[in-house]
Amino acid sequence: MSFSASSQSLRLENGHILKAHCKDRSGKWRESAIDLNRVIGVTDGWFIWGGQDYLHHGKDFQLQGTKLVGWLLKNDGNYRDVLQGIELNEKIINSDGRLDFRLM
């Protein structure tokens, strides 16, 4: 199940810390955070899951709904011509009120 189905007040701090209020198994809302820079990287100007340090390969990172977007650098040192994004619901989950990363 996507994290956003059981989370609210999504926000991105400092370009890499995803914060949200997540519902736990008992129905209580808990504030949680995950450092996306530890689970998302960049390859030739494209976001990739399971990488790291996307902050060092782009600029202007923000949330658009449940998508992380930003301008990413290609291997040649130039930015991609269009804003790139990665859907966080693909790999970020709510694990009993805690945001977590699932690689599978």
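Colleague: Why does Phe101 count as partly exposed?

Modeller: Its relative accessibility is 22%. Buried means under 20% relative accessible area, exposed over 50%, and partly exposed in between, with a 1.4 Å probe and protein chains only. Phe101 therefore falls in the middle class. The model is predicted: local features need pLDDT of at least 70, side-chain atom pairs count only at pLDDT 80 or more, and totals for chains, interfaces and linings use all residues. Residues are numbered from 1 along each chain as its sequence is written, and side-chain values use heavy atoms, leaving out hydrogens and water.

Colleague: What makes Trp49 buried?

Modeller: The relative accessible area of Trp49 is 17%, so Trp49 meets the rule for buried.

Colleague: How many aromatic pairs are there by this rule?

Modeller: The count is four. Rings of Phe, Tyr and Trp (its six-membered ring) pair if their centres lie within 6.5 Å; planes under 30 degrees apart are stacked, over 60 edge-to-face, and the rest tilted. For Trp49 and Phe101 the centres are 5.8 Å apart and the planes at 25°, so this pair is stacked. Trp49 is in strand β5 (residues 46–49) and Phe101 in strand β10 (residues 99–101), so the pair ties together parts 52 residues apart in sequence. Strands (E, at least two residues) are DSSP runs, numbered from the N terminus.

Colleague: Why is the pair of Tyr54 and Phe61 called edge-to-face?

Modeller: The centres of Tyr54 and Phe61 are 4.8 Å apart, with 75° between the planes. Both residues are buried. Ring pairs also link Phe47, Tyr54 and Phe61 into a cluster.

Colleague: Why does Gln84 count as buried?

Modeller: Gln84 has 9% relative accessibility, so it counts as buried. Gln84 lies in strand β8 (residues 84–87). Not counting residues up to four places away in sequence, Gln84 touches several residues, including Trp46, Phe47 and Leu68; contact means heavy atoms within 4.5 Å.

Colleague: Which lysine lies over the face of Tyr79?

Modeller: Lys59 does, at 4.5 Å from the ring centre. A charge sits over a ring if NZ of Lys or CZ of Arg is within 6 Å of the ring centre and within 35 degrees of the ring normal.

Colleague: How do you know that β1 and β2 pair?

Modeller: Two strands pair if DSSP finds at least two bridges between them, and five bridges join β1 to β2 (residues 17–23). One of the matches sets Leu12 opposite Leu18. These strands belong to an open sheet of three, in the order β1-β2-β3, with antiparallel pairing. Its edge strands are β1 (7–13) and β3 (29–35), each pairing on one side only.

Key
Helices (H or I, at least four residues) and strands (E, at least two) are DSSP runs, numbered from the N terminus.
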